Amino acid sequence: RACAEALDVECGAHLAVAESADDYVREIGSLLTDREAAARIGLAARRRMQERYTWALSLLPLRQCLQSL
């Protein structure tokens, strides 16, 4: 959960979160049996990463800093 909190994502919308090994197994089982939910979460996660966490976006502050020199 701590890793998910560092990102701009919603649990259940962009990823599945587990607190324990049993939760982890349950979440994986759920995604394996509900292919529609797995596809929806996968697409939403990919979209979110492409919108907010690309190399170009991540390096933009550095680029702006270097251009100001």
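**Exercise 1. In this predicted model, decide whether R48 is buried, partly exposed or exposed, and find its salt-bridge partner.**

Solution. R48 has a relative accessible area of 15%, and since buried means under 20%, R48 is classed as buried. The next step is to look for a carboxyl partner: the side chains of R48 and D8 meet in a salt bridge, with 3.6 Å from N to O. This pair joins distant parts of the chain, for D8 sits in the loop between α1 and α2 (21–33) while R48 belongs to helix α3 (residues 35–52), and the two are 40 residues apart.

**Exercise 2. Work out which residues are linked with D8 in a network of salt bridges, and describe how accessible D8 is.**

Solution. Begin with D8 itself, which has a relative accessible area of 37% and is therefore partly exposed. Besides the contact with R48, the side chain of D8 also meets that of R52 in a salt bridge, at 2.0 Å from N to O. This second pair again links distant parts of the chain, with D8 in the loop between α1 and α2 and R52 in helix α3, 44 residues apart. R52 has a relative accessible area of 37%, so R52 is partly exposed. Putting the two contacts together, D8, R48 and R52 form a linked network of salt bridges.

**Exercise 3. The salt bridges number 3 in total; identify the one formed within helix α2, and explain how its two residues are placed along the helix.**

Solution. The pair to consider is R26 and D23, whose side chains meet in a salt bridge at 2.5 Å from N to O. Because R26 and D23 are 3 residues apart in helix α2, about one helical turn separates them. Their accessibilities can then be assigned in turn: R26, at 53% relative accessibility, counts as exposed, whereas D23, at 23%, counts as partly exposed.

**Exercise 4. Establish which helix holds E5, whether E5 is buried or exposed, and how many Å separate its C-alpha atom from that of T54.**

Solution. E5 is placed in helix α1, which covers residues 2–5. With a relative accessibility of 60%, E5 counts as exposed, because the class requires over 50%. For the last step, the C-alpha atoms of E5 and T54 are separated by 18 Å, the two residues being 49 apart along the chain.

**Exercise 5. Name the residues that make the nonpolar surface patch, and place L66 in its helix.**

Solution. The patch, of about 640 Å², is made by W55, L59, L62, L66 and L69. Of these residues, L66 lies in helix α4, which spans residues 55–67.

Note on methods:
Residues numbered from 1 in each chain as written. Predicted model: local features only at pLDDT ≥ 70, side-chain atom pairs only at ≥ 80, totals over all residues. Heavy atoms only, no water. Patch = residues over 30% accessible without salt bridge, like charges linked within 9 Å, V, L, I, M, F, W, Y side chains within 5 Å. Areas by Shrake-Rupley, 256 points an atom, 1.4 Å probe, with all protein chains shown as cover. Salt bridge = Lys/Arg side-chain N within 4 Å of Asp/Glu carboxyl O. Helix = DSSP H or I, 4+ residues; strand = E, 2+ residues; numbered from the N terminus. Buried < 20%, exposed > 50% of the residue type's maximum accessible area, 1.4 Å probe, protein only.
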